[in-house]
Structures are given as C-alpha cells and as structure tokens.
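Visitor: Please walk me closely through one part of this structure, the place where two helices pack together. I'd like to know how they lie and which residues do the touching.

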Amino acid sequence: MEPNIEGELITKKRFRKYKFTNKKHSRGGMISSACGAVAIIFILVAINISFKTRGDGGALVAVLGFLSFLISLYGMVKGLKSFKVEDNFYGFSWLGVILNVFIWIFTASIIIMGI
C-alpha cells in the first residue's frame, strides 16, 4: 500500500466509490418489456373470458390469443435488436426477451394444439 499526501495508507475503501456513467436503459428493451406486459394482460383476459363463458369464448378469445402471439413476437425481435446498441443498460432488454419468448412459446403451443 502506498501512503498518500498526508502519509496515511490508502486502503481498499478507495475502490468502493460510486461510478457515475452516462448509460441509460435502452428504448428497445423498455418497449420489449412493455410488449410482454401487454401480451400477458391479453392472455389473462382471454383466459378469464373463456372461464366465464365455460369454454365458449368464441372469436374474442381467439383474437386476444393471436394478438398476444403477435405482440410477443414483436417484443422479442425488438428486445433482441436492442442488444446491438452500445453504452446502455440491458436489464429491460433481458427481461423483455425472456418474458416474450415464454409468452410466444405458450401461445404458439396453444395455437398448434388447436389446429
């Protein structure tokens, strides 16, 4: 360890300082996360309608499920593209991509089982 100007030893506490950056959350990641949230809401509304009508939801449930499928696909693509932007935080990007992949697989499996 080196002494500083006053003769005191510099300790490891020096490295515990905050580091300020100009990074911000990526816009594509936030859009991706929002798409995942909207897709989940659409799925929950479709499930609720289907339960209330005892399985006879009709076209409304189908439209909500298919919109959820398309929105999650868009959110997945938007989230993956947001990783290309440099000097950003990628927390929302990861959240959006993971959420949209699960929703997309869920709705795709329901669509395939219904065919």
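Guide: Happily! Here an axis is a line fitted to the C-alpha atoms of a helix over the stretch in contact, and the angle between two axes runs from 0 to 180 degrees between their N-to-C directions. Keep in mind that this is a predicted model. For orientation, the protein chain has three helices and two strands, in the order β-α-α-β-α along the sequence.

The pair to look at is α1, residues 27–52, and α2, residues 59–81: their axes are 8 Å apart and meet at about 165°. Angles over 145 degrees count as roughly antiparallel, and α1 and α2 are therefore roughly antiparallel to each other. The crossing of α1 with α2 is left-handed. On the α1 side, the residues making the contact include Ser 32, Cys 35, Val 38, Ala 39, Phe 42 and Ile 43, while α2 brings, among others, Leu 64, Leu 67, Ile 71, Tyr 74, Gly 75 and Gly 79. Sorted by type, the contact residues of the two helices come to 15 nonpolar, seven polar and one charged.

Now zoom in on the nonpolar side of the story. The largest nonpolar core has five residues: Cys 35, Ala 39, Ile 43, Ile 71 and Ile 103. Three of these come from α1, which gives the most to this core. If you center your view on Ile 71 and set aside neighbours within four places in sequence, you will find it in contact with Cys 35, Val 38, Ala 39, Phe 42 and Asn 100.

Next, turn to a polar residue of α1, Ser 32. Ser 32 counts as buried because its relative accessibility is 0%, and buried means under 20%. Beyond residues up to four places away in sequence, Ser 32 touches Gly 75, Gly 79, Gly 96, Val 97 and Asn 100. Across the protein chain, 23% of the 115 residues count as buried.

Finally, follow the chain on to helix α3, residues 91–114, where you will find Phe 92. Its relative accessibility is 32%, so Phe 92 counts as partly exposed. Phe 92 is in contact with His 25, Gly 29, Met 30 and Ser 33, leaving aside neighbours within four places in sequence. Its C-alpha is 8.4 Å from that of Gly 28, although the two are 64 residues apart in sequence. Contacts across such separations are well represented here: among contacts between residues at least 6 apart in sequence, 72% join residues at least 24 apart.

Definitions and conventions. Residues numbered from 1 in each chain as written. Predicted model: local features only at pLDDT ≥ 70, side-chain atom pairs only at ≥ 80, totals over all residues. Heavy atoms only, no water. Core = buried A, V, L, I, M, F, W, Y, C linked by side-chain atoms within 4.5 Å. Buried < 20%, exposed > 50% of the residue type's maximum accessible area, 1.4 Å probe, protein only. Helix = DSSP H or I, 4+ residues; strand = E, 2+ residues; numbered from the N terminus. Contact = heavy atoms within 4.5 Å. Parallel < 35°, antiparallel > 145°, perpendicular 65-115°, else oblique. Left-handed = near helix turned anticlockwise from the far one by under 90°. Nonpolar A, V, L, I, M, F, W, Y, C, P; charged D, E, K, R; others polar.
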